[in-house]
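Here are my notes for you, as numbered points. Have the structure open while you go through them.

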Amino acid sequence: MARPRRLRKISEEPHIRCFKPERDDLDSMKPIEIFIDEFEAIRLRDYHDIQQKRSAEIMGVSQPTFHRILTSARKKIANALINGNTIVIRGKDQLIRYKCDDCGFKWQHPFKEYKKCPDCGSIRIILLKEDEKSSQDSEESLMDRKSYGGKGLGAGPPAVCKCPNCGYESPKTQGVPCSNTKCPECETPLCGNP
């Protein structure tokens, strides 16, 4: 069973949701549906020319996931242009959003209704309303990242080197691993300490 889609951040809703070619036999042609996340990927990468890494961060997905979304959208659009199909954009209002009460996993699906969490198997799932946003999806959490001038997650090189035996601390020297420095009191290699 494939994992359901996690929530993806959509910055702007499409103003036009349907594109129809000029042809007489349009009723016999099946329309091609583009999901809102595919529309957003095309808007960010192709229309605004934002690099893939940044586009993925804006949408709150990994780069490989963003690439799959973008490739899917491009194939659908190419198919519609070559074969003369109608393009219909399915929006946020047509997505069913869920959250597991036990493990906190959030996901969405445009068609399927879930009875249990696909992550932990719990039957305690709730439907999310449009105004319920996670703090992880907010623009503020993106700006907290070190690459955008924020303080970051606190990961990275340790601030001090500490002896695991006696507790002696010395300032971390950049480029020198803590384990290369020995404690002057007990001769034990030091360890990094955030």
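1. Start with the open sheet: three strands, ordered β1-β3-β2, with mixed pairing. At the edges sit β1 (18-19) and β2 (32-35), each of them pairing on one side only. Keep in mind throughout that this is a predicted model.

2. Now take the β2 side of that sheet. Strand β3 (residues 87-90) runs parallel to β2, and four bridges join the two. If you want a spot to click on, Ile-34 has Ile-89 in β3 as its bridge partner.

3. Which strands does helix α1 touch? Helix α1, residues 36-47, packs on the sheet against β2 and β3, and its direction makes about 70° with that of β2. Helix α3 (residues 63-83) also lies across β2 and β3, but its angle to β2 is about 155°.

4. Have a look at Thr-86, in the loop that connects α3 with β3. Is Thr-86 buried or exposed? Its relative accessible area is 9%, under the 20% cut-off, so Thr-86 counts as buried. Setting aside residues up to four places away in sequence, Thr-86 touches Cys-18, Phe-19, Lys-20, Pro-21, Leu-26, Pro-31 and Ile-32. Two of those names should ring a bell from point 1: Cys-18 and Phe-19 are the residues of edge strand β1 (18-19).

5. Another threonine worth a click is Thr-188, in the loop between β8 (169-171) and β9 (191-193). Thr-188 has a relative accessible area of 15%; that is under 20%, so this residue is buried too. Its C-alpha atom is 6.7 Å from that of Cys-163, although the two residues are 25 apart along the chain. Cys-163 is also among the contacts of Thr-188 beyond four places in sequence, together with Pro-164, Asn-165, Thr-181, Lys-182 and Cys-183.

6. On to the aromatics. How many aromatic pairs does a search of the whole structure find? One. The partners are Tyr-98 and Tyr-114, with 5.4 Å centre to centre and 75° between the planes. The pair is called edge-to-face because that angle is over 60 degrees.

7. Where are the two tyrosines of this pair in the chain? Tyr-98 belongs to strand β4 (residues 96-100), while Tyr-114 is in the loop between β5 (106-109) and β6 (125-127). They are 16 residues apart, and the pair links distant parts of the chain. Tyr-98 is buried at 3% relative accessibility, and Tyr-114 is buried as well, with a relative accessible area of 10%.

Definitions and conventions. Residues numbered from 1 in each chain as written. Predicted model: local features only at pLDDT ≥ 70, side-chain atom pairs only at ≥ 80, totals over all residues. Heavy atoms only, no water. Pairing = 2+ DSSP bridges. Contact = heavy atoms within 4.5 Å. Axes fitted to C-alpha atoms, helices over the stretch in contact; angles between N-to-C directions. Buried < 20%, exposed > 50% of the residue type's maximum accessible area, 1.4 Å probe, protein only. Phe/Tyr/Trp six-rings, centres within 6.5 Å; stacked < 30°, edge-to-face > 60°.
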